[in-house]
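Below are my comments on the model you sent round. They are numbered so that you can reply point by point.

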Amino acid sequence: MALAKITSVTGRAVPVVGNDIDTDRIIPARFMKCVTFDGLGEFLFYDVRQDPTTGRDTAHPLNEARFKGATILLSGANFGCGSSREHAPQAIQKYGFKAIIAESYAEIFFGNSTTLGLPCVTAAREDIEKITAAVEQDPQAEVVIDLVKLEARCAGQTVKLAQRESARDALINGRWDAIGELLDGIPAVKETARKLPYLAA
Amino acid sequence: MPQSLFQKVWDAHTVRQLANGQTQLLIGTHLIHEVTSPQAFGMLRDLGLPVLMPHRTFATVDHIIPTNELVEPYKDSLAQAMMDEVRKNCAEFGITFFDRATGKQGIVHIVGPEQGITQPGTTIACGDSHTSTHGAFGAIAFGIGTSQVRDVLATQTMALGRLKVRRIEVNGKLRPGVYAKDVILHLIRQLGVNGGTGYAYEYAGSTFEHFSMEERMTVCNMSIEGGARVGYVNPDETTFAYLKGRPYSPTGAAWDTAVAGWKSFASDPGAPYDDVVKIDAATIAPTVTWGINPGQGISIVENIPSPETATSADDKAGIIEALAYMKLPAGKPIKGTKIDVAFLGSCTNGRLSDFREVAKYLKGRKVAAGVKAIAVPGSQIVALQCEKEGIDRVLRDAGFEWRAAGCSMCLAMNPDKLIGDQLCASSSNRNFKGRQGSPTGRTVLMSPLMVAAAAVTGTVADAREVFAVN
């Protein structure tokens, strides 16, 4: 199956400030009682977007009208830590996000996101703060994530991005979902299995 | 050239290099449960793909299963739908399913070892971040997302970049009242919740050599809380003794051949590591968390951190956010904090030795008035053994509810949940905001004996004092 070559993402951005934002916060476990990923977008950050006692919207940035329609999520260090639930990047993507810029990512979240064609790029704290300041001032400001040049451009500023090379390669060359390539390797898989006593039998 | 276990297992399971530089890695053993697998089977159907090696995938049900009302259909129709789905998928694709009727159901990370499915020198994957548990046997075990569950079902492989290896040596004897849980909480506190990102942790040293398999599992289980996707202990005689005679363990001549093979996977003396950390076991105290991630821990005799003592602006912001959520006073002792719920169980501490240790001290004691205390064995086999030994009786007599096997209040996908801002003394692995089922619920992580001490005093307490442990 042909996958899109994701060389850049352009859109408005919303800052969700903080470090160690875990996947339970991104999508609380009770919303995982489902047998498909459909509809997960509406539960993104559910428990921090709604006051649990009053049921009213909190001051969470995703509730702010000025950030409605943003497609780039800005955050801090160790984004997506905790549970391996793919429901987290699925919820982010289904909500409408096309990419994330953060200081760093938890390992499993990063891999899950890349496989969905949701680029996770990193930038230095001060550079994320620059973009944040720009979108705070003008939420309509367009942010361009250039995966080829590994830079982000916003409001006349250019900042450096980084991304693990295997992920960048997969995204820009349209092979971020590895299933096709893995299937092609099945004869070699069987060969490798034959050499391992616990699988040979 | 000496090699680490990680390198040997990785190399033995490498199928080939993929175009983007990642490795197509053979996953010998695949474990699935009801929450992260249904979508993967859906993807297989959409793609018209079969399961390549159905005999290498094993299923159970743990996350959503009720622990008190076991009769189906469950009151929660969504939970029942997930149960039906896993049954249907296993039947359709020819996968072994440890359903309740088999008597072997339980938390996936307890079932694998119990059945002897988890073996040294193998690769294991499961759509659950605590899959690192299986590393206790000298396996390389990965928590994966659902798309990768699909990949493993369809190809018995997944695309992965190689991890670095950090050797963590803990040497010496733990002080009385200090447990494997304290070791891992201490390590995460020292190395940080993202200190292990990009690493596999190799746990070694005399403390680990003397640990039982269950203690090793407790530590490996929480590797991911320190950011390390993989954690392992080199296989040794303790490992082999545990595996001998288990349903899926080799028998007869095949056993000897297997043991020889397993031994060959252990790290060689002088193997290279990307990093080495050494810890003196005697410096570890009973540890509890005070915040909203597992790295926010202190020893039971320390005071709750205050923003003024923060080491950086980030640390300060983290303390302020955590204390506001936890409603705990800065700079005051954590000891004496009132609790509402005590939870014994989870893939971290829901094994026989955990309940045995608690029962040893809980005999003749009573859960404090106003505390809801629940004990949830990690598997039906753990439950049965506890019942044979009278452990359930001791716990019930003390005032604990003795439940059926499952993940229960670790992540509260079943009916076991905190209510409002209840504070739970918990033997589980995560204290994230809302983790135990209430968006304002509060979790304090600790060892099982510390949970028992909290239950009987109604406060976060020092088990060494409460039970005169010495």
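1. B:A461 is buried, because 28 other C-beta atoms lie within 10 Å and the threshold for that label is 20 or more. Please read this and the points below as statements about a predicted model.

2. Where does B:A461 lie? B:A461 is in the loop of chain B between helix 16 (448-457) and helix 17 (463-466). Once neighbours within four places in sequence are left aside, the contacts of B:A461 are B:K335, B:A453, B:A454 and B:V466. A further pair to check is B:A461 and B:T337: they are 124 residues apart along the chain, and their C-alpha atoms are separated by 8.0 Å.

3. Chain B also has an open sheet of five strands, ordered 17-16-15-18-19, with parallel pairing. The edge positions belong to strand 17 (401-402) and strand 19 (442-445) of chain B; each has a single partner strand, so one side of each is left without a neighbour in the sheet.

4. Within that order, strand 15 (residues 341-344) of chain B pairs with strand 16 (residues 372-375) of chain B in the parallel sense, over four bridges. As a reference point for the register, B:A342 stands opposite B:A373 in strand 16 of chain B.

5. Another parallel pair in chain B is strand 6 (residues 123-126) with strand 7, again over four bridges. Here B:T123 has B:I140 of strand 7 of chain B as its bridge partner. In a regular strand, side chains alternate between the two faces of the sheet. Strand 7 (residues 140-143) of chain B is covered on both faces: B:I140 and B:F142 are buried on one side, and B:A141 and B:G143 are buried on the other.

6. The division of chain B is into domain 1 (5-161), domain 2 (164-236 + 267-283) and domain 3 (288-466). Note that domain 2 of chain B is given as two segments. The C-alpha centres of domain 2 and domain 3 of chain B lie 22 Å apart.

7. How many residues of domain 2 of chain B are in contact with domain 3 of chain B? There are 16, and they meet 16 residues of domain 3 of chain B. On the domain 2 side, helix 6 (180-191) and helix 8 (213-221) of chain B are the elements that give two or more residues. Helix 6 of chain B supplies the largest share, five residues. By type, the residues on this side of domain 2 of chain B are six nonpolar, five polar and five charged.

Note on methods:
Residues are numbered from 1 along each chain as its sequence is written. Chains are lettered from A and ligands numbered from 1 in the order in which they are written. This is a predicted model: local features need pLDDT of at least 70, side-chain atom pairs count only at pLDDT 80 or more; totals for chains, interfaces and linings use all residues. Domain bounds come from an automatic or database domain assignment. Two residues are in contact if their C-beta atoms, placed from the backbone, lie within 7 Å. Ala, Val, Leu, Ile, Met, Phe, Trp, Tyr, Cys and Pro count as nonpolar, Asp, Glu, Lys and Arg as charged, and the others, Gly among them, as polar. A residue is buried if 20 or more other C-beta atoms lie within 10 Å of its own, exposed if 12 or fewer, and partly exposed in between; C-beta atoms are placed from the backbone. Two strands pair if DSSP finds at least two bridges between them.
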